[in-house]
Amino acid sequence: MPTLRDINVGEACTVVKLTGTGAVKRRIMDMGLTKGTKVLVHKVAPLGDPIEVTVRGYELTLRKDEAQVIEVTDIVTEA
């Protein structure tokens with residue numbers, strides 16, 4: 001299954017599952033990334049880390065390793 005790390009700039013997706021454990025999973029959930037949440041990828045840094053996304057109406061920056069534990073589905077290109 002694809003993860004948030006695999007999503008390109010300008011694409012939106014829906015969170016399906018968080019595969020992280022412990023403090024990492026709790027931190028991601030506290031930032032609003034829970035099952036069923038729509039996420040839009042805005043920017044990716046030149047070297048690929050970090051990734052800037054819009055979630056629940058606010059901008060959020062995630063590292064690649066954090067994005068790797070967020071499984072997504074329903075990937076669409078936003079106009």
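In what sense do strand 2 and strand 3 pair, and over how many bridges? The legends below, drawn from a predicted model, begin with this pair.

**View 1. Pairing of strand 2 with strand 3.** Strand 2 (residues 38-44) lies antiparallel to strand 3, and 5 bridges connect the two. Within this pairing, K43 has E52 of strand 3 as its bridge partner. The two strands form a hairpin with 6 residues between them. In the turn, G48 adopts a positive phi of about 90°.

**View 2. Pairing of strand 3 with strand 4.** Strand 3 also runs antiparallel to strand 4 (residues 58-62), to which it is joined by 5 bridges. E52, the bridge partner of K43, stands opposite T61 of strand 4. The hairpin of strand 3 and strand 4 has 2 residues between the strands, and R56 shows a positive phi near 55°.

**View 3. Burial of strand 3.** Strand 3 comprises residues 51-55 and is mostly covered. Of its 5 residues, 4 are buried. In a regular strand, side chains point alternately to the two faces of the sheet.

**View 4. Pairing of strand 1 with strand 5.** Strand 1 (residues 11-18) pairs with strand 5 in the antiparallel sense, with 6 bridges between them. Here A12 is found opposite V76 of strand 5.

**View 5. The sheet as a whole.** The 5 strands make up an open sheet with antiparallel pairing, in the order 4-3-2-1-5. Strand 4 and strand 5 (70-77) are the edge strands, each pairing on one side only. From one strand to the next, the twist averages 35°.

Definitions and conventions. Residues numbered from 1 in each chain as written. Predicted model: local features only at pLDDT ≥ 70, side-chain atom pairs only at ≥ 80, totals over all residues. Heavy atoms only, no water. Buried < 20%, exposed > 50% of the residue type's maximum accessible area, 1.4 Å probe, protein only. Pairing = 2+ DSSP bridges. Axes fitted to C-alpha atoms, helices over the stretch in contact; angles between N-to-C directions.
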